[in-house]
Amino acid sequence: MAERRAAERAALAAELRSFLPADALIEETEALRPYECDGLPAYRQMPLLAVLPHTVEQVQQVVRLCHRHGVPVVARGAATGLSGGALPLADGVLLGLARFNRILEIDPLARTARVQPGVRNLAISEAAAPHGLYYAPDPSSQIACTIGGNVAENAGGVHCLKYGLTVHNILELKLVTADGELLTIGSAALDSPGYDLLALLTGSEGMLGIVVEVLVKLLPRPQRAQVLLAAFDDVEKAADAVGEVIAAGIVPAGLEMMDGLAIRAAEEFCAPGYPRDAAAILLCEVDGTNEEVSEHARRVHDLLLAAGATEVRSARDEAERMRFWLGRKSAFPAVGRMSPDYYCMDGTVPRKRLGEVLRGIGRLSEQYQLAVANVFHAGDGNLHPLILFDANQPGELQRAEDFGAEILELSVRVGGTITGEHGVGHEKIHQMCVQFSPPELEQFRALKRAFDPHGLLNPGKAIPQPKHCSEYRALGHDVLQAPGRRDGGGGA
Amino acid sequence: MSDLTTTLQQQVAAAYRAGTPLQLVGGGSKDFYGRTPRGEPLPLAGHSGVVNYEPRELVLTARAGTTLAEIEALLRRSGQMLPFEPPHFGDAATLGGTLACGLSGPRRPYVGALRDFVLGVRLINGRGELLHFGGEVMKNVAGYDVSRLMAGALGTLGVVLEVSLKVLPRPENGLTLVQERTPEEAILVMNQWAAAPLPLTAACYDGLRLYVRLEGAPATLTAGRQRVGGDLLEEGERFWRDLREQRLAFFETGKPLWRLSVPATAPPVELAGKQLIDWGGAQRWLVSDAPAAAIREASIRVGGAATLFRGGDREGEVFQPLPAPMAALQRSLKQAFDPAGILNPGRMYREF
């Protein structure tokens, strides 16, 4: 078996070498090691080999060659993904897009940036800043994550409620298809003829094509942004306060929540100045014109106090505003320091169910005897419980995974979803069997076949196979009946 | 106000087995759009009613046959709105038809298109299966985004039964400013203003006058008005409604009406006939007898595409023909949802 694999690898490498420069092909085991996982290191797999092409033509040639030989291809950006979406396959080629790191053009009048997929999210806003513009989606990993990966995952961030996700902020993609064709999806116009493939491809986890260029929208930097920090002595009160702000007709630019454990972790990590003894804090940012911000900040202040906040502070200056956000954006590494390992979940629930779901998570935490810190996008109802565990303790990883699975199923049960922005990837493939009925999953598979008839692009991720689901359901995990599904589970 | 899910599912399943083409019919307000409908009518207007509306959640779910008028009246009572400001083109306009046509109004370049606000759908595919995608939450990346794919698909991929939309608070106040400009100036300033932190929510140019709508808190409007300049237009809201509904004098014509979707900064497109620029430059309405080929070519030259919106030859292609590899991909996608080709066949393109 191992011999056959080595022979196959050698044959494929020889063909790749015929058109790739020497530095674009990685074969040695030790050199391949950094590619064995993404931002979810609990899952690791060495690829058959890795390629790091320099040009779109080389990407096309690699894909054509793999297509001819029936070799699967897994695309990878900065590998900051949290769902194992870029986990390699033992018999597959890992296609790294790190070298596509140029911003090709910024058009300040049209408010667009044309970028290669390996450009970092934050680099776009930095390059646009001299024009008073920025790229809105800002995932916590924005220093490192790439725009190609953002498209693959439909990445969000802390400003989604007002400014949307990746899908709302891109105009055009250049895509290498499963058979190596180069297609342009969308355009610099606001819509294009035919089906809306731009929306369909966003968040498709590298399973429908490989993104090799992106035209993103840039927005004018708001005249002013003001962040308010509200402390609560009770998590559920904080959750309810979120609804009060929105009911008042204000759509904050960001509305984030952290619970006590997350607050203290952030304080230890970077001292953003949070109230250490609070059970929860809300960070509420309002932005817009000067006048609007003053008015909204005043109203939000009053609303939060009326909703039971023990204290509401406004950032005194830009430095304090940045500090408040730094604490939030560093929450994952901060919690990471408190525990040997942590496991980050990503369910989204209707906002009104936040309190109830947080209570449920608390109960599960006791049941599984694992601590959990909650840091999340409250305005979107997008939860990121961080389960703390120690993988060196026998059984703890399994316990953390089971705990996570229960949180996801709880999210579905209250009318939410198993993933808001991190993607299904390898990690949540079981829970897809719970959220979707067999005909729904079969529709996804048919859609995938339309783009990739031989199943060579990131196969095995995101959409489970029927056999897989029947095994999982046999363990007692049924398709769940969310409240919105009065028909009884999509005819399942 | 009733739920026809079971009946509709049976009808589609029977049509699938018999290979009977179906023509999806909502309120009939947009029969003029797309290629000439054919097939056995499948009436959908009876499948109506708002299923869930919670102002605090900024979400509304309604059956596809619910009229836009009913939905907008309900939202207005809670100080909210459909953010994409859809055209109705008649009192009977339904949510399902609006989704199928994927049309958005003057607010589109600043707030987003219909597809941007779609959170979830329930639909019957071409095999007669009842499916649910997305949901009522703001963020959802489980599985492919089939919900948004339905926007503008003209009912060729599925019979949409129910739609969940994100809604937004209505702006507190608004005003419309008008000023005379040349076409080149108008395109330039519309783009410059869009790149500035102004509360801009609509901008259009009729060949002589530039109209700009600002919305927000009163103090914001005062500051914005100073920057934009021009005269205050009385009954500004009526102007934008008439633009959206194509009731301005510009649209009164017996000639074909074309919609050119182009980059907002594209220079004036030289074509015979008259033009009206909307969407801050990104949507150009053209009333013209010029040959389709000339109009399409001119649109492509500036990086856009042309749609024969009303009138003209509805038996030919009304949407811009797709390059061969793209057409092949879209055909495969159609087959993935509707293998027997029974859902609104030929409504979008001759072959699917």
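## Surroundings of W279(B)

In this predicted model, W279(B) is buried, because 25 other C-beta atoms lie within 10 Å, and a residue counts as buried if there are 20 or more. This residue is found in a loop of chain B, the one that runs between strand 15 (274–278) and strand 16 (283–287).

If the neighbours within four places in sequence are left aside, W279(B) is in contact with R108(B) and P109(B), and also with L190(A). Y144(B), by comparison, is 135 residues apart from W279(B) along the chain, and the C-alpha atoms of these two residues are separated by 29 Å.

## Where chain A touches chain B

Taking the two chains together, 78 residues of chain A are in contact with 68 residues of chain B. On the chain A side, the elements that give two or more residues are helix 6 (160–163), helix 7 (197–201), helix 8 (235–247), helix 10 (290–306), helix 15 (429–435) and helix 16 (438–451).

Of these elements, helix 16 of chain A gives the most to the side that touches chain B, with nine residues. When the residues of this side of chain A are divided by character, 33 are nonpolar, 28 are polar and 17 are charged.

## Helix 4 of chain A

Helix 4 of chain A covers residues 121–128, and its buried residues are N121(A), A123(A), I124(A), S125(A) and A128(A). These buried residues pack against several elements of chain A, namely strand 5 (103–107), strand 6 (112–115), strand 7 (133–134) and strand 10 (210–217), together with helix 5 (147–153).

Methods
Residues are numbered from 1 along each chain as its sequence is written. Chains are lettered from A and ligands numbered from 1 in the order in which they are written. This is a predicted model: local features need pLDDT of at least 70, side-chain atom pairs count only at pLDDT 80 or more; totals for chains, interfaces and linings use all residues. Helices (H or I, at least four residues) and strands (E, at least two) are DSSP runs, numbered from the N terminus. A residue is buried if 20 or more other C-beta atoms lie within 10 Å of its own, exposed if 12 or fewer, and partly exposed in between; C-beta atoms are placed from the backbone. Two residues are in contact if their C-beta atoms, placed from the backbone, lie within 7 Å. Ala, Val, Leu, Ile, Met, Phe, Trp, Tyr, Cys and Pro count as nonpolar, Asp, Glu, Lys and Arg as charged, and the others, Gly among them, as polar.
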